[in-house]
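Work through the exercises below with the model open. Try each task before reading its solution.

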Amino acid sequence: MDKFQLRFFFILTFFIFIVFPGAGQEKRFTLLHTTDEHSALLPLPLVDYHPQKTGNSLGGFARLATLVNRVREEKSYEPVLLFSSGDFIGGQPFAWLIPLGHSPELEIMKKIGYNAIAVGNHEFDYGPDVLAEYLERAGYPDYHEHLPLLGTNLNIPPGTKLNETQIHENHLFTLDNGIVIGVFALMGDDAFSVAPAAHPVTISPPAEAAVKQVKLLRKAGADIIIALTHSGITEDRRLASETDGIDIILGGHYHYKTAKPEIINNTIILHSGCFLRHMGKLELAFDVATGGLRILNDENNTPYFTRLDSTVDENPEIAQLVNNYGTHLSEFIESYTSGLVSDFSEMVIFSEFPLVKEYKKTETTTGNFITDAMRLMTGELVGKSIDIALQANGIIRGDIMPGTTKWSRGKITFFDLASVSSLGMGLDKSPGYPLVSFYLTGEDVFNLLEIAALLPLVLGDTFFLQFSGLRYSYDPGKALWLTI
């Protein structure tokens, strides 16, 4: 380089720093996010999924793997981190493999390359001991250095199996560009209230845990602090407004997708929905001089969410892994149904219309279908007529959707049918909550209905009861007075 070229270089450099004072100070990185995967290894509804055809189903870990790898290749010049906010198990038939000795979700998430995962309430669906066994099969505690499982405000008693798996309070990432990111995870009050099988595990107040972690992580050298929360958007907004120092909240639990990031008290909040229907993406710039954090998506014309539809090819390695678990699931279902169903993707019923669940605090077609089935099948089992069957909305996981493509129209698979009521485990470790039959007097039924009217008003739609075998009416305006 001659004197003229050297002089020109210094002038140009000086000009850049004067006109663009942030140049040279900003370091960029990208965050990818999913939450509430709920054992949805394959796209949903399954009836509309075909690996070689264009369908209307969304999701699937094989599609996610392709999308994540694509972003990593496009962003090879900057760090890319992938996080989950919890509830990676429960709610789909693939979760039935867990009590049988498999750990499909976490094994696949390891292969895809998640950087950290929060513990959600559904991780406790089968109890802490089964969760501990699940984690041990997936390589914990040894694997925590590469894929930390975070449960900051979980109180796990010493001497329990789960305590030995080393669920961590936090984790520090030092990125290739020198940025230090501190990550912790919170389970919210509402989430823990619907984790009855978590005992003897308890939680500390989320806000108190957050304040403590912000101080610890800043002291440890964190430039940016991320909270992976399984709390719901309402609690996340409150946490951001009342807690200083959290730069980013990546949240879940409500199955809610923010239209775009919300910013409260300088905290960026992003929720990415559920069932891997979308992958969230934040392109960010960190100002080394000021400590400021800037979202780049809009100026880069980058969407905050990408739909995992049939336009996203499947990663062959992950697809094969899912197929292997699918074989295990079909074998179990064939045994469980005494050969009645031999393949989880088998078509079992037809319908010309969807059976929907998503109407709040009211009778639904899905609720009627499930409770009718409970009443009729229990009658066959006990050999007596059953008068009434009931089920809470929180146990009903979604709609029953018939196929909508040319090759699946009107069909409903065993997988899609079972998915709406797949939670729980019996004392014999069989999937599904046990059916309980008992006798009630007329007065008992009346009192039950008064409680049924009150519960959803106080505790939300999760506690609205669907019924088969009776009709009743009530005045919602008077329901709160029923117990006075």
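A nonpolar core is a set of buried Ala, Val, Leu, Ile, Met, Phe, Trp, Tyr and Cys residues joined through side-chain atoms within 4.5 Å. The model used here is predicted.

**Exercise 1. The largest core**

Task: Find which residues have the most contacts inside the largest nonpolar core, and which helix supplies its largest share.

Solution:
- Step 1. The largest nonpolar core holds 69 residues.
- Step 2. Inside this core, Phe61, Ile112 and Tyr114 have the most contacts.
- Step 3. At least two core residues come from each of H2 (61-74), E2 (80-84), H3 (104-112), H4 (128-137), H8 (316-336) and H10 (414-419).
- Step 4. Helix H8 gives the largest share, eight residues.
- Step 5. Another core, of 25 residues, lies apart from this one; Phe29, Leu81, Ile226 and Leu250 are among its members.

**Exercise 2. Around Phe61**

Task: List what Phe61 touches, leaving out residues up to four places away in sequence.

Solution:
- Step 1. On the lower-numbered side, Phe61 touches Glu37, Ala40 and Leu41.
- Step 2. Phe61 also touches Ile108, Met109, Ile112 and Tyr114.
- Step 3. Leu276 and Ile318 complete the list for Phe61.

**Exercise 3. Met109**

Task: Is Met109 buried or exposed? Which residues is Met109 in contact with, beyond four places in sequence?

Solution:
- Step 1. Place the residue: Met109 sits in helix H3.
- Step 2. Buried means under 20% relative accessible area. Met109 has 0% relative accessibility, so Met109 is buried.
- Step 3. Its contacts beyond four places are Glu37, Phe61, Ser84, Phe88, Tyr114 and Ile117.
- Step 4. Now compare sequence with space. Met109 and Ile318 are 209 residues apart in sequence, and their C-alpha atoms are 9.5 Å apart.

**Exercise 4. The whole chain**

Task: Why does a radius of gyration of 25 Å agree with a compact globule?

Solution:
- Step 1. The protein has 484 residues, so a compact globule would have a radius of gyration near 23 Å.
- Step 2. The protein has 25 Å, which agrees.
- Step 3. Add the extents: the C-alpha trace spans about 100 × 55 × 45 Å along its principal axes.
- Step 4. Buried residues make up 51% of the 484.
- Step 5. Of the contacts with a separation of 6 or more, 71% join residues 24 or more positions apart.
- Step 6. For secondary structure, count eleven helices and 19 strands.

**Exercise 5. Surface and charge**

Task: How much of the accessible surface belongs to carbon and sulfur atoms? How far apart are the mean positions of the positive and negative charges?

Solution:
- Step 1. The accessible surface is about 23200 Å². Carbon and sulfur atoms account for 55% of that surface.
- Step 2. There are 37 positive and 57 negative charges.
- Step 3. Their mean positions lie 6 Å apart.

Technical notes:
Residues are numbered from 1 along each chain as its sequence is written. This is a predicted model: local features need pLDDT of at least 70, side-chain atom pairs count only at pLDDT 80 or more; totals for chains, interfaces and linings use all residues. Side-chain values use heavy atoms; hydrogens and water are left out. Helices (H or I, at least four residues) and strands (E, at least two) are DSSP runs, numbered from the N terminus. The radius of gyration is taken over C-alpha atoms; the globule rule is 2.2 Å times the number of residues to the power 0.38. Buried means under 20% relative accessible area, exposed over 50%, partly exposed in between (1.4 Å probe, protein chains only). Contact means heavy atoms within 4.5 Å. Accessible areas come from the Shrake-Rupley method with a 1.4 Å probe; for residues, only the protein chains shown count as cover. Lys and Arg count as positive and Asp and Glu as negative; His and the chain ends are not counted. The place of a charge is taken as NZ of Lys, CZ of Arg, CG of Asp or CD of Glu.
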